[in-house]
Amino acid sequence: PRAAAKAAPAAGAPAAAAASVPDAKVAATDVLQVLVATRVRKPLSDVPMSKSIKELVGGKSTLQNEILGDMGQEFPGFSVDKPEEEPLGKLAGSLPPVDKLGKITSAAVNKMVGAKMPGGFGMSNVKAYLGSAHGLGAGRTEGALLYALTEEPASRLGSEADAKAWLDKVAQVYASAAGITLGAPAAAAPAGAAPMMMAAPAGGGGGAAAPVPDAPVSAQEFIRVLVAAKMKQKPSEALDAKSIKEMVAGKSTLQNELLGDLQAEFGDAATKIDGAAEMPLGQVAAALAGGYKGPGKYAARATQKLVSQKMPGSFGMSAVKGYLGEKGLGAGRQDGVLLHALASEPDARLGSDADAKAYWDAQASAYASLNGVTLGGGGGGGGGGAVMMAGPAMSGE
C-alpha cells in the first residue's frame with residue numbers, strides 16, 4: 001500500500017488478516033459426497049455415507065447413471081463392480097486418492113462463481129477473501145469451494161458485500177464439516193500508534209503448535225506398518241533383521257498377500273527384487289528406498305478407507321489432517337501418522353468427533369515415539385516449548 005501523507009485516524013482502522021488455519025488438501029470422500037448431494041439436490045446432512053447411490057436416487061435410473069458418469073470423469077481409472085449398491089463410505093475407500101478438485105467439480109465451481117458472483121468479484125477475489133477473512137490456505141479454500149456447490153445462490157448476488165456474506169456462510173459450513181476452527185482476525189492496532197511488545201502469559205496455551213520438522217513416509221516405515229498390520233502386531237515388532245518368510249511363520253497365503261501389497265505400493269521396483277520374501281525387511285526397504293515417494297497407491301487407498309469407514313461422518317480426511325496439523329505436523333508427518341494408524345484400526349466406526357480426536361491423539365503419540373520426534377506444543381505460553389504427548393502405544397489388537 002502507498003504511504004499516507006497524513007497519519008490516519010485511530011478509529012476505523014482495518015482489521016488484520018485472519019490467523020492461518022493448518023492447510024489440508026481436498027479428500028476424495030468429500031468430493032464424492034458433494035457430487036451426490038448436488039445431483040440429488042439435497043443438503044449434505046441428507047446424504048449420509050451409510051447410504052448407497054441407489055438408495056439416495058430413489059429408483060431414478062437416469063439420475064443414478066448421471067452420478068456414475070460424473071464419478072468416472074471426476075476419478076479417472078475408477079472401477080468398482082456395481083458401485084451404486086455400495087454405501088458411500090465404503091465406496092469412498094475404493095476411490096483413487098485425489099489432491100485437488102477433478103474435472104466435474106472444478107468445472108461446477110468455475111461455473112458457479114462466474115454465474116452467481118457480482119461483476120468484478122471473480123475467482124481470484126473469492127479465493128483471496130477466504131484466505132484473508134478466514135485464514136484458509138489453497139487446499140482448504142478448494143475444500144470450501146467444493147462445499148459451496150451445496151450452498152449455491154439461486155441468482156447472481158448483487159454486491160461485493162453480498163458475496164462476502166455468502167462466503168462467510170460457506171466457510172462456516174466447510175469448517176463444521178471439516179472439524180476445524182476458522183482463523184480469527186487479529187486485532188488491528190490503531191493507526192499511528194507505536195508498536196508494542198506484549199508479554200506472553202506464563203502458563204498460556206492455545207497458540208499454534210510449534211512445527212515439527214517435516215519428513216515424507218519412507219519405504220522402511222511402510223514395510224514395517226504393512227507387516228505389522230497383516231500380523232496384528234505393533235510396527236516396532238516388525239524387525240528389520242527378520243524376513244517376511246520368518247514373520248509369517250509358514251503361512252504362504254499371507255506371504256503372497258504381503259508381496260502383492262509391496263508391488264501395489266512400489267510398482268515394478270518390487271518385482272525386480274529376487275527372493276524378497278527371504279530377505280531381511282531392512283534390506284528390502286533399502287532396495288526400494290531410492291525411487292519411493294510415499295505414500296504410494298496401496299497406502300493412500302488403505303488410509304482413505306480407514307478414515308471413511310471408521311471415523312464419524314463429520315470427521316473426514318480433511319478434518320483428520322487439519323487436526324494433525326494443529327499438533328505441528330506437516331503434510332509428510334501427517335501421512336506418516338495415517339500410515340501407522342493402519343496397524344491400530346478401530347474395530348467399528350467411532351461415534352463422535354471427540355472419540356476421533358482421542359484416537360488421533362494416540363496415533364500421533366505412537367508415531368512420534370517410534371520415529372523419535374517431539375510433537376509441537378502450544379506456541380503462546382511461557383512454557384511453550386515442544387512437548388511429547390502422552391498416549392497408548394500403537395497396537396494392532
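Helices here are DSSP runs of at least four residues, strands are runs of at least two, and both are numbered from the N terminus. Keep in mind that you are working with a predicted model.

**Exercise 1: The overall picture**

Task: Work out how many helices and strands the protein has, and what share of its residues is buried.

Solution:
- Step 1. Go through the secondary structure: the tally is 17 helices and zero strands.
- Step 2. Now look at burial. The protein has 397 residues, and 44% of them are buried.
- Step 3. Turn to the outside. About 19300 Å² is exposed, with 53% of that supplied by carbon and sulfur atoms.
- Step 4. Finally, check the contacts. Take those with a separation of 6 or more: 74% of them are between residues 24 or more positions apart.

**Exercise 2: T105 and its neighbours**

Task: Find out whether T105 is buried or exposed, and which residues it touches.

Solution:
- Step 1. Locate the residue: T105 sits in helix 5, which covers residues 103-116.
- Step 2. Use the cut-off: buried means under 20% relative accessible area. T105 has 2%, so it is buried.
- Step 3. List the contacts, leaving out residues up to four places away in sequence. You get V31, L35, E74, L146 and L149.

**Exercise 3: Two helices that cross**

Task: Describe how helix 3 and helix 5 pack, starting from the angle and the axes.

Solution:
- Step 1. Helix 3 spans residues 61-74, and its axis is 6 Å from that of helix 5, at an angle of about 100°.
- Step 2. Angles from 65 to 115 degrees count as roughly perpendicular. Helix 3 is therefore roughly perpendicular to helix 5.
- Step 3. See who meets whom: helix 3 brings D70, Q73 and E74, while helix 5 brings K103, I104 and T105.
- Step 4. Sort the residues of this contact by class: three are charged, two are polar and one is nonpolar.

T105 shows up again here, and its contact with E74 was already on your list.

**Exercise 4: Rings that pair up**

Task: Classify the ring pairs F222 with Y298 and F266 with Y292.

Solution:
- Step 1. A pair of aromatic rings is described by the distance of the centres and the angle of the planes.
- Step 2. Searching the whole structure turns up five aromatic pairs. One of them is F222 with Y298, with centres 5.9 Å apart and 80° between the planes, which makes it edge-to-face.
- Step 3. Place these two rings: F222 belongs to helix 9 (residues 219-231) and Y298 to helix 14 (residues 297-310), so the pair links distant parts of the chain, 76 residues apart.
- Step 4. Compare their surroundings. F222 has 1% relative accessibility, so it counts as buried; Y298 has 23%, so it is partly exposed.
- Step 5. Move on to F266 and Y292. Their centres are 4.6 Å apart with 45° between the planes, and the pair is tilted.
- Step 6. This pair also links distant parts of the chain, 26 residues apart: F266 is in helix 11 (residues 252-266), and Y292 is in the loop between helix 13 (281-288) and helix 14. Both F266 and Y292 are buried.
- Step 7. Put it together: ring pairs join F222, F266, Y292 and Y298 into a cluster.

**Exercise 5: An enclosed helix**

Task: Explain why helix 16 is described as largely enclosed, and which helices help to cover it.

Solution:
- Step 1. Helix 16 runs over residues 331-341, and ten of its eleven residues are buried, so the rest of the structure largely encloses it.
- Step 2. Among the buried ones are G332, R333, D335, L338 and H340.
- Step 3. The cover over these buried residues includes helix 9, helix 14, helix 15 (317-325) and helix 17 (353-371).
- Step 4. Carry on into the loop between helix 16 and helix 17, where you find S344. At 16% relative accessibility, S344 counts as buried.
- Step 5. Check a long-range neighbour: the C-alpha atoms of S344 and A229 are separated by 7.6 Å, although the two residues are 115 residues apart along the chain.

**Exercise 6: Unusual phi angles**

Task: Look at R41 and K82, and say what is special about phi in each.

Solution:
- Step 1. Start with the background: most residues other than glycine have a negative phi.
- Step 2. R41 is not a glycine, yet its phi is positive, about 60°. R41 lies in the loop between helix 1 (28-40) and helix 2 (53-57), and with a relative accessible area of 76% it is exposed.
- Step 3. K82 is not a glycine either, and its phi is positive at about 50°. Its place is the loop between helix 3 and helix 4 (88-92). With a relative accessible area of 47%, K82 is partly exposed.

Notes:
Residues numbered from 1 in each chain as written. Predicted model: local features only at pLDDT ≥ 70, side-chain atom pairs only at ≥ 80, totals over all residues. Heavy atoms only, no water. Buried < 20%, exposed > 50% of the residue type's maximum accessible area, 1.4 Å probe, protein only. Contact = heavy atoms within 4.5 Å. Phe/Tyr/Trp six-rings, centres within 6.5 Å; stacked < 30°, edge-to-face > 60°. Axes fitted to C-alpha atoms, helices over the stretch in contact; angles between N-to-C directions. Parallel < 35°, antiparallel > 145°, perpendicular 65-115°, else oblique. Nonpolar A, V, L, I, M, F, W, Y, C, P; charged D, E, K, R; others polar. Areas by Shrake-Rupley, 256 points an atom, 1.4 Å probe, with all protein chains shown as cover.
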